[in-house]
Amino acid sequence: MSDDEVTLELADEAVTAAPVHYVALPGVTGPVALVTLDNGHDHTRPNTFGPAGLRALLAAADEIEAHEPPVAAIAVTGKPFIFSVGADLSFRSSITEVSRLRPTMEALGRLGHDAFVRLGSGRFGDRKVPTFALVNGAALGGGVELALHCDYRALSSGIPALALPEVFLGLVPAWGGTQLLPNLIGPERAIRVILDNALSQNRTLTGPKAFELGIGDVLLEPADFLEEALAWVGRVLRGELDPAADRAPVERGQAWADAVDAGRALADGKVRGAAPAAYRALDLIALAETASRAEGFEAETQALADLSVSGELAAGLYAFDLLQKRARRPVGGPDPALAQPVTKVGVVGAGLMAAQLALVFAHRLEVPVVLTDLDADRLDAGVAAVHREIDNLLVRRRISPDQASRYKANVTGSRTLDAFADADLVIEAVFEDLAIKQKVFAELEAVVAPAAVLLTNTSALSVSAMAAGLEHPERVAGLHFFNPVAVLPLVEVVRAERTNDATVATTLAVAKSLKKNAVLVADRPAFVVNRLLTRFLGEVLGAAERGTPLEQVDHALDPLGLPMSPLVLLALVGPPVALHVAETLHAAYPDRFREPAGLARLVAAGRTGVYTTGPDGAETIDPAAVTALAVATGPHGAPPPPTVDEVREAALRALAEEIHLMLAEKVVAEAADIDLCMILGAGWPFHLGGITPYLDRTGISETVTGERFTPPGVATLPV
């Protein structure tokens, strides 16, 4: 397909217009052309660049070139709170024929470069005028790249997020980012922004952090940002300031090569070769040291075109869409109007998990929270732990001194359940034992108000069984948080057999107020995340018990690029917790979940994982863990231990089987909910799309179950 056959149109594009206003500045000959990016919507729909938006930039440059008198400079800013969050990703998703993907994305890459160079260079024939990016709000992807094309940049200290997140999705910054940023702040810092932040769950920079890295030339307060930024532009144009003179020099030669090598080691550690975008970005950064801009920009365009036909990008865009849409509106929930107000919360228990729950309720709901425990010392320690974390929020400037005082006053302790008499919601976080939890709920029912919602944070036990002996089981549900509570965004909202709509609606509303993403799940053993992690971990540990060396077992899943290896995950979860979940699932599904004998021996031996720290400070396999997991040598002629490839295949086949059965059991509404759970609750990467797109892409789902989890083109390449 030739360039003249490519059509760059997006039917429902929210076009980011680029109107030009001409501003006179004292002591400056000629007006400053002020281009304001604005798609006509409020901040909840940020400015993006689709084909029409890029053409609007070209039209603005044409208007500026023709203006009389000639302009003294060009300045670009955004609508309130938003500069630009980059490319309109729906454009890529709108292409439904695989044969059109590469040429169309190649054309889009060139159009983006043309628009940014035309406006950002300030070159009109033989004439060159200075260009300024006045970054007033959120700037992501192409928004940052447009700013990089300008000669100078003013940043607002109120910018909440500035980033180049493309590698996170399976792309590269392809409108100048890989070429301009390393030549501005150096390759090491550029790799931090382009690679490290993107692969660290899409970490972003604030305005001050971006300024510290050298991305901006001046940092201004947000209150009067545009006025102050234009005054700064005037000082530069009058020759009172030379921002470029203050920029740190960029080291080249060996220092550049060393930075790129360190970036490759970083990528290996993060994705283990499983996602091509990180490595393509590093190739482009390496090229940026010596390439001309034209050469570098063309290489970016080719990288964009190549990656646009990768399965990893298809999965990444699917995952991104899940987080933007499905995660914000849980599927299958009742009418939100049924939710009851929550003005006081009770937490049964005062241990680590209870303290984390109390903190998040106090911080996000800003209501009184009471912890209870029979042990006075443990109760005092639990309340004190919450107060310390409130102090930490204050030190990190996440809350104000007034908020800190109010939250502390709201978090109290009681040795009796009577303190819950006026609570609207009570959540238990006691030991994972069904009999204990049943006793707690029976005692709670005797003291709480008739309309109070009762929740459990169980990770695997039956919520229906906990509520079975109650007079009002309909007000009991599960609200399963993941550890650490303050960090991981997922909660599984568990609807038990007799849970009513009002209880579910209230629980979902509370999850939203806690700024968590909720997935509604049925009351089946271990729900979603723990069930899947335990199934694949069981295959891994089973291979170790059959003689595959632990070093090999732990790296069998590396080709997936998971955030951590299985045995590192085991140490993070804790063998006792993993054993509890494994025993629960073995009891429920003994044909698929092996008896966790090796894990039980590991716990009995008091081991916290399979790794230990050697004399040189390096992590090494703990011999005691090897002994605990090993089994007696089988009879002569027993099959050899599984190979690494066999371990990986068994784990993936097990995942496909379990997901198929979970969907049949209606644990969740659709496969998309399972993917959402794995992304948000287990940190599984975008390039897998959670997990089901990967199983579809590799053919494992059809081999194991006879069918795909999603239709072709939904999370994989179009046909």
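Select helix 6 and helix 7: helix 6 passes helix 7 in a right-handed crossing (right-handed means the near helix is turned clockwise from the far one by less than a right angle, left-handed means anticlockwise). Helices here are DSSP runs of H or I, at least four residues, numbered from the N terminus. This is a predicted model, where local features need pLDDT of at least 70, side-chain atom pairs count only at pLDDT 80 or more, and totals for chains, interfaces and linings use all residues. Residues are numbered from 1 along each chain as its sequence is written, and side-chain values use heavy atoms, without hydrogens and water.

Now look along the pair. Helix 6 covers residues 177-185 and helix 7 residues 187-199. Their axes lie 7 Å apart, at an angle of about 135 degrees. Axes are lines fitted to C-alpha atoms over the stretch in contact, and angles run from 0 to 180 degrees between N-to-C directions. That makes helix 6 oblique to helix 7 (under 35 degrees is roughly parallel, over 145 roughly antiparallel, 65 to 115 roughly perpendicular, the rest oblique).

Show side chains next. On helix 6, pick Gly-177, Thr-178, Leu-181, Pro-182 and Ile-185. On helix 7, pick Pro-187, Arg-189, Ala-190, Val-193 and Ile-194. These make the contact (heavy atoms within 4.5 Å).

Keep helix 6 and add helix 11, residues 276-287. This pair packs at about 55 degrees, with axes 8 Å apart. Helix 6 and helix 11 are therefore oblique to each other. Their crossing is right-handed. Select Thr-178, Gln-179 and Pro-182 of helix 6, then Leu-284, Ile-285 and Leu-287 of helix 11, to see this contact.

Terms used:
Helix = DSSP H or I, 4+ residues; strand = E, 2+ residues; numbered from the N terminus.
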